[in-house]
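Please open the model in your viewer and keep the selection panel at hand for the stops that follow.

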Amino acid sequence: MPKTPSASPQKSRVAAAMSALVLAVLLASLDQTIVSTALPRIAEDLDGFDDIAWVSAAYLLASTAVTPLWGKLGDMFGRKPLYLASTTVFLIASVACGLARNLPELIGARVLQGVGGGGMIVLTFALVGDIVAPSERGRYQGMFGSVYGVASIVGPLLGGVFTDQLSWRWAFLINLPVGAVALAVAARALPAGARGAKARIDYAGATLLAAIATGLVLVTSFGERWGWGSPAILGLIVATVALAALLVPVERRVAAPVLPPAMLGSRTVVFSSLVGFFANAAMFAVLIYLPTYLQIVHGVSATLSGVHMLPLVAGLVVSQSLAGRRAAHAERLRTILLVGLAANLAGLLLLGTLGSGPGTLVLSLYSLITGVGIGMVPMVVLTTVQNSVPAADLGAASAVVTFARSIGAAFGVAVFGTLLNTGFADRADALPTAGGFDPARPDTIGLLPAAPRDAALDAFAHATATGYLWIAPTLAVGILLVLLLKPSGEKGGPTRPTSPTGTTPHLTGSRTEESVPAA
């Protein structure tokens with residue numbers, strides 16, 4: 001079939017829009033992890049060792065709390081202007097982080113940066129629904145998922161390089177030139193989109209959701225530090241549960257709820273979001289703590305630990321791309337999720353043998369299998385949800401999934417960290433405390449003499465392995481949820497009226513396509 005004259009410009013515009021969105025997801029996801037290796041230097045320079053954990057927690061807290069609001073505002077006022085606004089906020093906050101003179105200034109700037117970063121991520125995922133047809137969403141969402149996964153590993157490496165070679169401030173300032181390019185391209189290439197029905201902003205629902213997110217992030221981020229049975233943590237849990245109980249009645253009373261009650265009654269949305277939660281919990285338990293295992297047990301540097309993670313990254317990128325392409329057919333969505341969760345489960349069970357001291361080749365194979373499983377789930381979950389809701393709720397639906405995944409990541413890191421530290425302390429308690437070794441701090445293993453050091457390393461390896469065995473059942477729960485899932489959606493896929501004629505042009509293929517229900 002001959003191409004129409006408009007085919008090439010449309011493809012060029014899609015490529016430009018996607019490149020801008022990829023850069024945005026890269027920056028926003030990098031800033032969740034890039035400061036991890038820079039924290040000791042930041043604490044030293046800004047004299048804030050006691051509160052340094054807030055530098056990471058502030059970003060996660062803010063980005064998670066505002067996700068539902070950004071998604072709903074994009075549905076109401078158009079996603080492009082909200083996306084440009086969130087990116088601008090992110091860049092301004094990045095400059096403020098890089099110029100911070102003390103820790104309170106840095107934490108405040110990180111909160112603002114999280115506000116912008118949360119909007120960038122959720123609006124990017126929703127914008128894909130504006131740009132491409134439902135049958136193509138999986139392919140493009142897979143690309144963003146690969147970027148997100150790679151950033152989780154590359155972030156700490158870049159943070160270390162900037163800290164050692166330049167200054168920790170460049171971990172933030174580097175966002176400015178890259179983000180400026182993304183902003184300029186997005187302003188030109190993204191479609192104008194359409195606004196939903198005019199209604200009052202759901203301030204009550206947004207506040208409740210932000211408060212719930214705050215409680216969840218604080219519990220998962222500081223549970224071990226403050227004590228899981230401490231009055232502060234127990235009080236946060238009770239308050240969060242009470243606020244969650246209030247959310248549905250509040251949302252039923254407003255015309256344009258941030259979280260439409262119909263979504264809470266949708267099996268596709270609820271089950272898919274829970275699958276995303278469990279998958280992200282397992283994913284971040286691997287992405288954050290496997291490099292730690294490599295550095296402590298195998299004695300490699302932070303940079304080399306990233307090199308050892310390349311098989312996992314390769315598996316993630318390849319499976320993410322293949323899963324996205326196969327997700328064009330709705331009937332395959334459940335199969336992809338089952339295969340991905342099963343591979344991820346197998347990978348965790350294999351990592352559960354780390355205590356036996358596998359060699360580099362064997363560990364690379366375990367990482368590859370785990371990466372394949374990790375890559376097949378997140379964006380397919382998002383595509384499943386997007387294809388089950390009408391266009392008016394694309395932003396809110398994307399926000400629900402993103403919210404669940406963010407909380408899942410924080411939950412996985414917190415729970416695995418507790419399992420690891422507790423398991424190591426129990427095994428290492430009988431070891432001598434020579435040279436300043438502390439069983440509560442695995443990073444002090446190197447202070448031990450040779451013989452007890454080997455015993456401590458073995459204890460840490462077994463504690464890591466046991467942690468992965470405890471996390472593995474969450475993926476079994478995810479498999480059960482997928483078996484109960486109906487990926488075709490209760491509403492037969494989205495209809496997307498965004499123009500006076502009731503159709504939406506998608507910028508894919510060689511011609512303008514109108515939205516059709518997903519198969």
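Select Glu105 to begin: this residue is partly exposed, with a relative accessible area of 28%, where buried means under 20%, exposed over 50% and partly exposed in between, for a 1.4 Å probe and protein chains only. Add Arg101, which is exposed at a relative accessible area of 66%, and the two side chains are seen to meet in a salt bridge of 2.6 Å, N to O. The term stands for a side-chain nitrogen of Lys or Arg within 4 Å of a carboxyl oxygen of Asp or Glu, and by this rule the count comes to one.

This is a predicted model, in which local features need pLDDT of at least 70 and side-chain atom pairs count only at pLDDT 80 or more, while totals for chains, interfaces and linings use all residues. Residues are numbered from 1 along each chain as its sequence is written, and side-chain values use heavy atoms, with hydrogens and water left out.

Next, select residues 360-375, helix 16, whose 16 residues reach 22 Å from first C-alpha to last, close to the 22 Å expected at 1.5 Å a residue (1.5 Å times one less than the number of residues). Helices here are DSSP runs of H or I with at least four residues, numbered from the N terminus. Among the buried residues of helix 16 are Leu363, Tyr366, Thr370 and Ile374.

Finally, select Leu264, Ser273, Val400, Phe403 and Ala404, which of the 23 lining residues lie nearest the centre of the second largest pocket. A pocket is an open set of points on a 1 Å grid over the protein atoms alone, where a 1.4 Å probe fits, with protein on both sides within 12 Å along at least five of seven lines; lining residues have an atom within 4 Å of a point. Helix 18 gives the largest share of this pocket's lining, six residues.

Notes. Helix = DSSP H or I, 4+ residues; strand = E, 2+ residues; numbered from the N terminus.
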